[in-house]
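Welcome! Take a moment to turn the model around on your screen before reading on, and then let us walk through it together.

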Amino acid sequence: MRVAVTLEQCWHRVPGGTARSTLDTVEAIAARGDVEQVGVSARHRSAAPGAWQPAIVVRPLPLPRNLLYDAWQRLRRPQVERATGPVDVVHSTAHVAAASVAPMVATVHDLHFLHEPSHFSRRGVSVFTRFLDIVRHEARVVVCPSEATRTDCEAAGVDRARLRVIPWATHATPVPAGEAERVRESYGLSRPFVLFAGTIEPRKNLGRLLEAFAELGDVDADLVIVGPEGWSTDLAAIAGPRVRRLGFVPGADRDALYAAATVVAYPSLREGFGLPVLEAMVQGAAVVTSATTSTAEVAGDAAVLVDPLDVDAIAAALQRLLGDAELVERIGAAARERAAGFTWARTAEAMVDAYRDAAT
């Protein structure tokens, strides 16, 4: 079987979890050896940045990104076969549906734009809306990384019979204790700290996390914020006593920060999956995350779940963990055990099954 996979998000300014999960799925399928994959992108003058380079050959279509996206969305052309040659399936992996004569598998990471359109630009909402419309009418199989996203898709009019839940995984492995100490020294983190890691955007709920941390008063801890600048967020407002913004950090340092943190806080309003929660759990972190979105599915009973709209609840969870080293250790051990069940081999097997079903 030959599958065309859209990989244009690897060239986005902030590729994010959409690109990371796609690249890791592609790599896991390539390791099986039973599916030929060929990537599809817009026209670019250079390869994707090093961390975002796919493990498969990528064939560009002759249009730059914005023109390609508009042509796919409005005209349903050019077809990917112009770049790839014949394929059995096309996999639209992000928020733009590729045009093809082959059956389509579409990944819908989340439908946050339906719930909070103000968190996106007008163009973004238009693109996402058109993508959802095409998915409803053309996709033979719709892949969702969580039950939360499947529920949203069904409510938005996608037939349940076409929906498949295929959770993501992570390649992260526990870091040695020495790495945690190294990263503390490297970033000047001498005190216990609560860590947030993720793209800075409205859905991440940083405003309420900052309020919750401020409620802790003179607690002997810092709030450390790691992640690239995204969109529609007042970055100047992400400040306060004992708040440290580190910006983007390399993946190895991020994993060591998870291991070094006393608490990892990720009270996101809505997620398609929530890779930062899983990455933190691999490091044995005590995680505080949302009870109302997909991160609860990832965390299970190996984290503290809170209402992300309730500042007092977030603050109480942080206070509880910062004051109970035994509880932190117990939750961390459960988190590491649960995280081991999320593997890319399992994800790849389910995705290949989806391809076969779409092709037949």
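A residue is called buried here when its relative accessible area is under 20%. Please also keep in mind that this is a predicted model.

With that cut-off in hand, start at helix α10. Its buried residues are L275, P276, V277, L278, E279, A280, M281 and V282. The helix is mostly covered, since 8 of its 8 residues are buried. Just after α10 comes G284, which has a positive phi, near 75°.

Helix α10 also appears in the surroundings of another helix, α9, which spans residues 251–260. In α9, the buried residues are D253, D255, A256, L257, Y258 and A260. What do these buried residues pack against? Their partners are the helices α7 (177–186) and α10 (275–282), together with the strands β8 (193–197), β9 (222–226), β10 (243–247) and β11 (263–266).

Now step back to see the whole chain. Its secondary structure comes to 14 helices and 13 strands. Along the principal axes, the C-alpha atoms fill a box of roughly 60 × 40 × 40 Å. A compact globule of 360 residues would have a radius of gyration near 21 Å, and the chain agrees with this because its own value is 21 Å. Of the 360 residues, 56% count as buried. Contacts across the sequence add to the picture: among those between residues at least 6 apart in sequence, 64% join residues at least 24 apart.

Next, look at a pair of helices, α8 (residues 206–215) and α12 (residues 311–322). How do their axes meet? They come within 8 Å and cross at roughly 55°. That angle makes α8 oblique to α12, and the crossing is right-handed. On the α8 side, the residues involved are R208, L209, E211, A212 and E215, and they meet V311, D312, I314, A315 and L318 of α12. Sorted by class, this contact has 6 nonpolar and 4 charged residues, with no polar ones.

Finally, find H137, a residue of helix α5 (residues 122–138). Is H137 buried or exposed? Its relative accessibility is 64%, so H137 counts as exposed. To place H137 in the model, compare it with P54: the two are 83 residues apart in sequence, and their C-alpha atoms are 29 Å apart in space.

Note on methods: Residues numbered from 1 in each chain as written. Predicted model: local features only at pLDDT ≥ 70, side-chain atom pairs only at ≥ 80, totals over all residues. Heavy atoms only, no water. Axes fitted to C-alpha atoms, helices over the stretch in contact; angles between N-to-C directions. Helix = DSSP H or I, 4+ residues; strand = E, 2+ residues; numbered from the N terminus. Parallel < 35°, antiparallel > 145°, perpendicular 65-115°, else oblique. Left-handed = near helix turned anticlockwise from the far one by under 90°. Contact = heavy atoms within 4.5 Å. Nonpolar A, V, L, I, M, F, W, Y, C, P; charged D, E, K, R; others polar. Rg over C-alpha atoms; globule rule 2.2 N^0.38 Å. Buried < 20%, exposed > 50% of the residue type's maximum accessible area, 1.4 Å probe, protein only.
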